[in-house]
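Subject: Structure for your review

Dear colleague,

Please find below the structure that I am handing over to you. A short account of what was found in it follows.

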Amino acid sequence: MSLLVKICGLSTRETLQTALDAGADMVGFVFFPPSPRHVSLETGRELGRQVNSRALKVALTVDADDATLDNIMDALSPDIFQLHGHESVARLRDIKQKFGRPVMKAVPVATAADLAVLPGYAAVADRILFDARAPKDATRPGGLGAPFDWHLLENLELDLPYMVSGGLHTQNLAEALRVTRAGGVDVSSGVESTPGVKDPELIKAFIRAARATQELSVR
Ligand SMILES: O=C(O)c1ccccc1N[C@@H]1O[C@H](COP(=O)(O)O)[C@@H](O)[C@H]1O
């Protein structure tokens, strides 16, 4: 199975093009106004057209209501929703039914106790994204460039594809994959020069490094 590489928080035509040309499997667009990577619906529409089926379009939302998801559907027509808030299992089911798109649920991880939610989500989600739990006073629940203890996933048994994120970069992604056996990696801060500003060279280097470690992936 080949490793999925997702570049998240793309907000310009140039950096999106770099990610597509470098072979990203998934490109993520953040629809969350407090984020430095937030894109308007109009920008989402324009970038979505540019993707032109070369990668899966991921719409990242945080506890978004139906009206917001409706607008994102109209503008971006995402291939998958990344739900990065406190969405319940029932809300996941509701979103899948109403919008007819697969969902990837972000699960914040700081301790082993955080994995207790997995059976519930695994029954409904199409994919799980393990991300570092944000500090209580953080302005956003992700995209902070902080890793979690990957060893918490060492003995994970999950009958669902999963990805890992949180503070990944070219230097640590091989170790993250070795420990977690994740089927995909997701990065935002690690390919930026400053929060919200993607660096084309870092995007290319990250995707190259991910492809080089591809054989470690099992899920
Ligand atoms: O990127 C954001 O600003 C963001 C906002 C709200 C929720 C999630 C967000 N980003 C996601 O967080 C992880 C980890 O990112 P990083 O590599 O540590 O910066 C990743 O899935 C981003 O898509």
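I begin with the surroundings of the ligand. There are 24 residues around the ligand, and those that come nearest are C8, S35, G143, D186 and S189. Please note that this is a predicted model, so every value here is computed from predicted coordinates.

Three side chains are placed at short listed distances from oxygen atoms of the ligand. For S189, an N or O atom of the side chain is 2.5 Å from a ligand oxygen atom. For S35, the corresponding distance from a side-chain N or O atom to an oxygen atom of the ligand is 2.6 Å. In Q82, a polar side-chain atom lies 3.4 Å from an oxygen atom of the ligand. The ligand taken alone exposes 510 Å², and the protein buries 100% of that area.

As to location, the ligand takes up the space of the second largest pocket. Two elements give two or more residues to the shell around the ligand, namely β6 (127–132) and β8 (184–187). Sorted by class, this shell has eleven polar, eight nonpolar and five charged residues.

Finally, a word on the confidence of the prediction. The protein has a mean pLDDT of 96, and 97% of its residues reach 70 or more. The scores of the model are pTM 0.96 and ipTM 0.98.

With kind regards

How values were computed:
Residues are numbered from 1 along each chain as its sequence is written. This is a predicted model: local features need pLDDT of at least 70, side-chain atom pairs count only at pLDDT 80 or more; totals for chains, interfaces and linings use all residues. Side-chain values use heavy atoms; hydrogens and water are left out. A residue is near a molecule or strand if one of its heavy atoms lies within 4 Å of it. A polar contact is a pair of N or O atoms within 3.5 Å; within protein, one must be able to donate a hydrogen and the other to accept it, and residues adjacent in sequence count only if both atoms are side-chain atoms. Accessible areas come from the Shrake-Rupley method with a 1.4 Å probe; for residues, only the protein chains shown count as cover. On a 1 Å grid over the protein atoms alone, a cavity is a set of points where a 1.4 Å probe fits but cannot get out, and a pocket is an open set with protein on both sides within 12 Å along at least five of seven lines; lining residues have an atom within 4 Å of a point. A molecule sits in a cavity or pocket if more than half of its atoms lie within 2 Å of its grid points. Helices (H or I, at least four residues) and strands (E, at least two) are DSSP runs, numbered from the N terminus. Ala, Val, Leu, Ile, Met, Phe, Trp, Tyr, Cys and Pro count as nonpolar, Asp, Glu, Lys and Arg as charged, and the others, Gly among them, as polar. pLDDT is the predictor's confidence in each residue, from 0 to 100.
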